[in-house]
Amino acid sequence: ARRQAYVALHDAAHPNVAVLRRLVAARHRCAKILGFESHAHRSAGETMAGSPEAVLAFLGELGKRLKPVSEAEHRELEALKAAEEGGEAGIEPWDVLYYTHKARLREDLDAAPDLRPYLPLPAVTEGLRRLSAALFGLELRKEALAPGERWDGAAGAAAPGLKRLGLFEDGRHVASIYMDLLPRPDKYPHSAHFTIRCGCAVDPLEDDGEYQVPSVALVFNFGGAQPGAAPPASDAEVLLHHGEAETLFHEFGHALQSALSRTRYQHLSGTRVPVDFVETPSHLFEYFVWDGRVLDAFAAHKDSGAPIPPATLAKMRRGRRQFAGVDTQKQVLYALLDQHLFGARAAAALDAAGQEGGADNLDLLGISAETSAELTGSPGPDGDAWFAHFGHFTGYGAGYYGYLYARVFAAQIWGDLFAADPWDGEAGGRLWRDMLAKGNARDAHLILRDLLGREPALDCFLDELKQEPAKAAQEP
């Protein structure tokens with residue numbers, strides 16, 4: 001039954017294969033017109049990696065270093081399958097979800113503890129205020145919305161959850177952060193960071209002159225009502241799941257990237273950095289909401305005032321890391337196939353076929369099977385078109401690796417600067433001075449070298465994928 005469901009799901013995607021072929025071919029034609037070997041070469045020009053070859057080297061090294069972790073996890077799944085079904089059959093793609101769920105049930109990790117009573121939305125935003133003060137010496141202060149600053153379309157009072165926060169350094173206004181926290185009809189349905197006004201020198205030819213104060217907006221839909229229920233009347237009514245608190249911290253990392261940038265020119269400001277570097281601050285800020293020493297400062301039960309029990313947080317973190325090797329290997333596979341579809345491998349096939357019939361003859365199933373075999377040793381089931389319903393190939397196009405790239409950088413920054421003390425103001429000052437303030441005015445490689453005092457490496461990221469003992473300490 002598992003196999004039937006897996007095959008049915010992926011067979012349904014086969015009509016998309018022809019669409020993806022046409023997309024691959026069209027992007028390749030555009031790249032060739034502009035003088036590039038492939039779409040991947042075209043898109044890599046303004047990235048931190050700099051070339052598809054560098055991306056493939058990164059993914060190859062990550063896949064190699066990841067292999068012992070993912071193989072150990074597969075052996076655990078194989079043991080579960082043998083105990084349930086008998087024999088020595090290996091784990092097939094359609095077995096993975098079933099037996100990872102069985103393993104989580106066995107260790108009581110199948111469902112994350114409900115932390116909502118500990119995470120009222122105002123308390124979580126208070127956590128952001130305390131971190132801003134401790135790490136950067138900044139005051140995060142609520143301000144009145146001025147006429148013309150609202151975008152909720154409501155007459156009279158502002159919509160619930162719409163607010164303006166000012167960032168102040170020694171009483172000086174350094175940035176404005178608008179927050180639109182709660183759902184309402186016809187509102188943008190996702191969580192996102194938007195730059196409204198970049199920071200930059202008012203006169204770029206004048207040193208130490210007036211600086212344009214940056215403004216950003218963070219948009220969320222916390223407290224989404226169940227069908228038939230009224231939406232929250234204020235953010236005070238909203239209790240966040242831990243994942244939602246993580247999202248708030250993630251987007252706040254982007255906000256700080258824009259707010260604390262100090263570049264001369266606006267087109268180099270804030271998040272206008274290489275796409276494979278831009279998620280580094282946001283991934284970094286996720287670490288804080290997983291650290292018990294940070295959570296203890298603001299997360300308290302709404303009725304009793306008790307902090308989150310350390311055992312509960314440890315259990316959550318064990319669940320997060322369980323089968324992290326298998327999950328990350330899947331991300332490497334996605335990123336590798338993204339490179340091969342829009343890089344040299346598909347480009348060579350298209351060039352060999354010429355203009356006539358090139359897309360029709362492009363063997364995407366073969367490229368997918370080859371990629372899987374190179375990474376995992378198995379080409380996967382015959383005719384498996386899983387990639388044809390993976391929408392990120394259309395949006396990213398040779399850029400999906402950037403998610404892993406930024407995670408590696410964030411892991412090392414956390415490990416080197418904040419793991420010992422997440423409230424370390426000296427480390428926060430270094431983060432602001434050496435990275436956030438630079439925007440895209442300094443090469444990202446040099447930014448990381450300045451911040452870390454060494455070249456980035458995979459070690460911190462890979463260490464996080466290893467499962468920890470049941471009585472783990474609170475720190476990630």
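**Loops, pockets and rings: a walk through the model**

Okay, let's start with Asp-208, which you'll find in the loop between β5 (200-201) and β6 (211-212). Before I go on, keep in mind that this is a predicted model.

So what is odd about the backbone of Asp-208? Its phi is positive, about 60°, although the residue is not a glycine. As background, most residues other than glycine have a negative phi. Is Asp-208 buried or exposed? Its relative accessibility is 83%, and the cut-off for exposed is over 50%, so Asp-208 counts as exposed.

There's another aspartate to put beside that one. Asp-108 also has a positive phi of about 60°, and again we're not talking about a glycine. This one is in the loop between α5 and α6 (121-136). Asp-108 has a relative accessible area of 46%, so it is partly exposed.

Right, on to the pockets. How much space lies in the largest pocket? About 1200 Å³. Its lining takes in 39 residues, and the ones nearest the centre are Tyr-6, Pro-93, Val-96, Lys-330 and Leu-333. If you want to colour this by element, the ones that give two or more residues to that lining are α1 (2-11), α4 (52-85), α5 (96-106), α11 (324-342) and α13 (364-376). And for those of you thinking about chemistry, the lining of the largest pocket splits into 18 nonpolar, 12 polar and 9 charged residues.

The second largest pocket comes in at about 710 Å³. It is lined by 28 residues, and closest to its centre you get Val-275, Asp-276, Val-278, Glu-279 and Tyr-396. At least two lining residues come from each of α7 (242-259), α15 (402-418) and α17 (444-452). Which of the elements gives the largest share of this lining? That's α7, with 3 residues. By class, the second largest pocket is lined by 11 nonpolar, 11 polar and 6 charged residues.

Since α7 just came up, let me stay there for two histidines. His-250 is in helix α7, and at 13% relative accessibility it counts as buried, because the cut-off is under 20%. Skip the neighbours within four places in sequence, and the contacts of His-250 are Glu-279, Ser-282, His-283 and Glu-286. You've met Glu-279 already, as one of the residues closest to the centre of the second largest pocket.

His-242 is in helix α7 too. With 6% relative accessibility, His-242 counts as buried. Which residues is His-242 in contact with, leaving aside neighbours within four places in sequence? Leu-115, Leu-119, Val-289, Trp-290 and Met-316.

Now, aromatics. Searching the whole structure turns up 26 aromatic pairs. Let me pick out a couple. Remember Tyr-6, among the residues nearest the centre of the largest pocket? The ring of Tyr-6 pairs with that of Trp-94: centres 5.7 Å apart, planes at 65°, so it's edge-to-face. What I like here is the sequence separation. Tyr-6 sits in helix α1 and Trp-94 in the loop between α4 and α5, 88 residues apart, so this pair links distant parts of the chain. Both Tyr-6 and Trp-94 are buried.

For a local pair, go to helix α15. Tyr-405 and Phe-409 both lie in it, 4 residues apart, which is about one turn of the helix. Their ring centres are 5.0 Å apart with the planes at 65°, and the cut-off is over 60, so this pair is edge-to-face. Buried or exposed, then, for Tyr-405? Buried, with a relative accessible area of 10%. Phe-409 is buried as well, at 7%.

Then there's a cluster: ring pairs link Tyr-334, Trp-386, Phe-387, Phe-390, Phe-393, Tyr-396 and Tyr-400. Tyr-396 should ring a bell, as it's among the residues closest to the centre of the second largest pocket.

Last stop, charges over rings. Arg-27 has its charged end over the ring of Phe-342, 4.8 Å from the ring centre. Where does the charged end of Arg-141 sit? Over the ring of Phe-168, 3.8 Å from its centre.

That's my tour, thanks!

Note on methods
Residues numbered from 1 in each chain as written. Predicted model: local features only at pLDDT ≥ 70, side-chain atom pairs only at ≥ 80, totals over all residues. Heavy atoms only, no water. 1 Å grid on protein atoms, 1.4 Å probe; cavity = no way out; pocket = protein on both sides within 12 Å on 5 of 7 lines; lining within 4 Å. Points joined across faces, edges and corners; volume = space filled by probe spheres on them. Nonpolar A, V, L, I, M, F, W, Y, C, P; charged D, E, K, R; others polar. Phe/Tyr/Trp six-rings, centres within 6.5 Å; stacked < 30°, edge-to-face > 60°. Buried < 20%, exposed > 50% of the residue type's maximum accessible area, 1.4 Å probe, protein only. Lys NZ or Arg CZ within 6 Å of the ring centre and 35° of its normal. Contact = heavy atoms within 4.5 Å.
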